[in-house]
Amino acid sequence: MNSFVALLWAAPRAWRFTAIALFLLMVYVLGLAAVLAPATDSGVAAWWPAAAAGALALCLARGSERWLVALLVGGVSVAANLGGGRPLPVALGFGLANGLEAGAFVAVYAGRGEPARLDTVRDVLRFTIAATCGALAAGVTAAATVAVVAGGSFGTVLLAVVPSHAFAVFTLAPLALTRGRRVRSERTLELLIQIGFVLLVLGVAYGPGRSLPISFMILPLLTWAAFRFGIRVVAWELCVTALVASGFSSMGVGYFTSASGTATAATGSLVHLFLITYATSVLLLAAELAQRDALLEREREVVHGLRDLDRQKDDFVSSVSHELRTPITSILGFAEELEDTDLSPEQARFTRVVVRNSHRLAQLVENLLDLSSMSLQSEAGPVGPVDLRTLVAECVEELAPQAHSAGVTLTAEFGDGMLTLQSSASDVRRVLTNLVGNAVKFTPAHGRVWVGCTSDADGVLLTVSDNGIGIPPADVERVFDRFYRSASAESLPGTGLGLPLTKGLVDRLGGRVDLQSDGRTGTHVTVALPWLASPAPAGDSSAVTAGM
């Protein structure tokens, strides 16, 4: 929800001019009321709320309009002072002071091409500097007027006007400059309780009979509002606090009054400075928290966008893989038929290349489909008794020709105890095939690959070790990312899908996989599987994030 000033800034010109006129009317009414109210010993108004109305009127002006509106603020202020019975020279001087104040405030605070706002820490700092500059401009001009025209004390008037005008801007302007934020429904009761405490503490801290300095008691409640309800609520509670504190003090009630119970010349300035300090601190805190919340919200939006993008990517990969499966199967089938026919040696060699690469392509498509299905939280295969001795022996037997052609020794070792668990035989088989196949592929000639299987109280441990090229330690954390290939493996064929698929399968079975390598003496992979497969709960995306 935009602030009141931002909404009017974007409104049609007629609406904006009408709002400026209303603010100028408020300058006159509030100025006249301040002049007619009991004055301080310095002869100036105890509080000048018209300063906030003039500043807001100028915030709505654009470009060259600001000069005209500043002149109008000054003219209306002259009329208010004359209506309150002040002499013409004093009224002219005070009108000039108010026009300069509004102009200085907007020159520092509001940009030319965008509406003034109070959303961020930078906005609050600029607002504070602008309010201070405007109050100083008004104070110097008003003090010079009184000193020249009425023979008053320049310093006394300056110290009375500056806090008065700055206090008005700090108290009232944020109500129109802060952006509203809908309070969450579950915090409505909390907000009502907090408001009740604010009113109670205001009565206790600033009410009659207060001789102890307990004005600070309101600060924790304003901090509470900053943390929980946003800067707009803070602005309103600051305004109420300011009105209560200054109102009681002007009536001679509360801690800031003199010992005789009357307001002194310094009382108003002291109250104003005290509350300006509160306002600056709490507005800065609320703006910082608002920035943090905005950043968190943007991060949430980015995360949702990335999740949607990831889902679309998975859908695309799945769709393309499905479309590729049929023509690849057809190519492979006809190529295998050609292998069974009488061919010349050269034709037979060509056919073997086609068959071999068709198998590789078909396996790649199957891996992509498997990764996509795990991204969609598919369930593991049928769970039943799995004899790991048999599975490991079959895996070693199937990959023995590949190991032999590579000059690699492939052996299996089994520990004592039961090696039968309740799991998905197809998933465990694929885990073994991927790990042992990788180990053989990345082990040079005359190397060795060991496959081990042992049990403990929690389940079964499968180990695949080799003395091959290994993985650099810097790459170990990323080997389970999809399509990632270690620098040591760049010279060998591969897609970077084997280990991500393996981790996804192990996660789906409720197990854990750990890979260790020093990059010189080989790689050691350990897979821990529970006695009873316990798939990750729905919504757990560990299998997905591992490959992202």
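This is a chat about one helix pair and one pocket in a predicted model.

Me: Let's start with helix 14 and helix 16. Where do they sit in the sequence, and how do they cross?
Reply: Helix 14 covers residues 425–441 and helix 16 covers residues 498–508. Their axes come within 9 Å and cross at roughly 150°.

Me: Roughly parallel or antiparallel, then?
Reply: Roughly antiparallel, because angles over 145 degrees count that way.

Me: And is the crossing left-handed or right-handed?
Reply: Left-handed for helix 14 and helix 16.

Me: Which residues meet there?
Reply: Helix 14 brings Asp-427, Arg-430, Val-431, Asn-434, Leu-435 and Asn-438. On the helix 16 side they meet Gly-498, Leu-499, Leu-501, Thr-502, Leu-505, Val-506 and Arg-508.

Me: How many of those are nonpolar, polar and charged?
Reply: The contact of helix 14 with helix 16 has six nonpolar, four polar and three charged residues.

Me: OK, switching to pockets. How much space is in the second largest one?
Reply: About 700 Å³.

Me: What lines it, and which residues are closest to the centre?
Reply: The second largest pocket is lined by 24 residues, and the closest to its centre are Arg-181, Ala-290, Asp-293, Ala-294 and Glu-297.

Me: Which helices supply at least two residues of that lining?
Reply: Helix 9 (218–228) and helix 11 (265–339) each do. Helix 11 gives the most, with nine residues.

Me: And how does the lining split by class?
Reply: In the second largest pocket, twelve lining residues are charged, eight are nonpolar and four are polar.

How values were computed
Residues are numbered from 1 along each chain as its sequence is written. This is a predicted model: local features need pLDDT of at least 70, side-chain atom pairs count only at pLDDT 80 or more; totals for chains, interfaces and linings use all residues. Side-chain values use heavy atoms; hydrogens and water are left out. Axes are lines fitted to C-alpha atoms, for helices over the stretch in contact, and angles run from 0 to 180 degrees between N-to-C directions. Helices (H or I, at least four residues) and strands (E, at least two) are DSSP runs, numbered from the N terminus. Angles under 35 degrees count as roughly parallel, over 145 as roughly antiparallel, 65 to 115 as roughly perpendicular and the rest as oblique. A crossing is left-handed if the near helix is turned anticlockwise from the far one by less than a right angle, and right-handed if clockwise. Contact means heavy atoms within 4.5 Å. Ala, Val, Leu, Ile, Met, Phe, Trp, Tyr, Cys and Pro count as nonpolar, Asp, Glu, Lys and Arg as charged, and the others, Gly among them, as polar. On a 1 Å grid over the protein atoms alone, a cavity is a set of points where a 1.4 Å probe fits but cannot get out, and a pocket is an open set with protein on both sides within 12 Å along at least five of seven lines; lining residues have an atom within 4 Å of a point. Grid points are joined across faces, edges and corners, and a volume is the space filled by probe spheres set on the points.
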